[in-house]
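Here are my notes on this model, written to be read beside the coordinates. Please check each point against the structure.

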Amino acid sequence: MSFSVMLFAAGFGTRMKHLTADRPKPMVPVAGKPLIDHALALAQDIAPPVIVANLHYLPELLAAHLGPLGVQTVVELPHILETGGGLRNALPMLGDGPVITMNTDAIWRGPNPLHLLIDAWDPDKMDALLMGVQPSHALEHSGKGDFTLAPDGRLTRGAGVVFGGVQIIKTALLANIVARVFSLNIVWDVMLEEKRLFGLSYPGMWCDVGHPDGVATAEELLATDV
């Protein structure tokens with residue numbers, strides 16, 4: 001089964017401070033190339049039928065970079081639609097099947113998390129499968145985690161694993177949301193009630209590159225063997 005890929009790239013990157021004064025966060029350089037290129041390499045590795053990125057802040061810079069790389073783009077105007085609204089807005093380009101969504105402000109060191117998700121995906125019992133990261137493997141991230149991961153893979157809210165920003169998700173529930181701007185957390189809550197939200201624990205390392213200190217840490221991580 002093949003999955004279309006959605007790259008979330010519309011944020012302002014305010015936590016990046018001066019680094020995003022003249023460029024969107026996904027264009028901040030990390031280890032010699034734009035941050036988004038690291039996510040794009042993971043996506044291209046699974047040969048998806050289509051890759052779509054949503055844009056908002058300084059969209060022309062990202063569009064000019066991503067177009068030659070074969071990524072389709074959709075600009076969200078006048079407002080950012082958040083993750084849920086952004087995914088729903090891009091569905092005409094992504095198709096009707098389950099979609100892989102990726103945040104573009106993280107660096108993964110280890111096996112491609114998309115391959116791990118695809119190998120574990122079971123559409124008969126799952127409506128979404130999230131890649132979690134143990135807090136000890138999550139660099140530049142504070143807190144005890146977003147979800148508790150049960151032995152059978154089911155997720156509940158609570159301490160345990162950090163959501164790494166990558167998932168496979170069915171999109172049918174998006175049609176039930178009245179709001180135009182909304183987070184995927186609303187959809188996850190429905191899946192949690194129905195016990196159809198699942199997760200994995202990533203075996204490698206992960207770094208949050210949402211703030212300036214994360215850039216140097218991510219570059220150090222990429223330079224190490226894991």
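The points below cover the pocket, the cavity, one helix and the salt bridges.

1. Status. This is a predicted model. Every value below is computed from that model.

2. The largest pocket. The space in the largest pocket comes to about 830 Å³. Its lining counts 35 residues. Nearest the centre lie F8, K25, T83, N103 and D105. Five elements each give two or more residues to this lining: α3 (82-94), β6 (99-103), β12 (162-169), α5 (184-193) and β14 (205-208). The largest share, five residues, belongs to β12.

3. Character of the pocket lining. What kinds of residue make up the lining of the largest pocket? There are 13 nonpolar, 14 polar and eight charged residues.

4. The cavity. Searching the whole structure turns up one cavity of 30 Å³ or more. The volume of the largest cavity is about 30 Å³. Its lining consists of L130, M131, G132, F147, L155, V161, F163, G199 and L200. Two elements, β8 (128-133) and β13 (197-201), give two or more residues each. With three residues, β8 gives the most. By type, the cavity lining has seven nonpolar residues, two polar and no charged.

5. Helix α5, buried face. L184, V187, W188, M191 and L192 are the buried residues of α5. Viewed down the helix axis, these residues fall within an arc of 145 degrees, so they line one face of α5. The general rule helps here. An α-helix has 3.6 residues a turn, so residues three or four places apart point the same way.

6. Helix α5, both ends. At the start of α5, S183 places a side-chain oxygen within 3.0 Å of the backbone nitrogen of N185. After the helix comes K195, with a positive phi near 60 degrees.

7. Salt bridge D208 to R15. There are seven salt bridges in the structure. One of them joins the side chains of D208 and R15, at 3.8 Å from N to O. D208 sits in strand β14 and R15 in the loop between β1 (4-8) and β2 (29-30), so the bridge ties together parts 193 residues apart in sequence. Are the two partners buried or exposed? D208 has 9% relative accessibility, so D208 counts as buried. R15, at 44%, counts as partly exposed.

8. Salt bridge R157 to D189. The closest N and O atoms of this pair are 2.9 Å apart. The bridge links distant parts of the chain, with R157 in strand β11 (residues 155-157) and D189 in helix α5, 32 residues apart. R157 has a relative accessible area of 39% and is partly exposed. D189 is also partly exposed, at 35% relative accessibility.

9. Salt bridge D22 to R23. The side chains of D22 and R23 meet at 3.4 Å, N to O. D22 counts as partly exposed, with 49% relative accessibility. R23 counts as partly exposed too, with 29%.

10. A network. Which residues are linked in a network of salt bridges? They are D127, K170 and R196.

11. Points to keep together. Helix α5 recurs in these notes. α5 gives two or more residues to the lining of the largest pocket. Its buried residues line one face of the helix. D189 of α5 is paired with R157 of β11. Strand β14 also appears twice: β14 contributes to the pocket lining, and D208 in β14 pairs with R15.

Key: Residues numbered from 1 in each chain as written. Predicted model: local features only at pLDDT ≥ 70, side-chain atom pairs only at ≥ 80, totals over all residues. Heavy atoms only, no water. 1 Å grid on protein atoms, 1.4 Å probe; cavity = no way out; pocket = protein on both sides within 12 Å on 5 of 7 lines; lining within 4 Å. Points joined across faces, edges and corners; volume = space filled by probe spheres on them. Helix = DSSP H or I, 4+ residues; strand = E, 2+ residues; numbered from the N terminus. Nonpolar A, V, L, I, M, F, W, Y, C, P; charged D, E, K, R; others polar. Buried < 20%, exposed > 50% of the residue type's maximum accessible area, 1.4 Å probe, protein only. Arc of directions from axis to C-beta. Polar contact = N/O pair within 3.5 Å; in protein donor to acceptor, adjacent residues only side chain to side chain. Salt bridge = Lys/Arg side-chain N within 4 Å of Asp/Glu carboxyl O.
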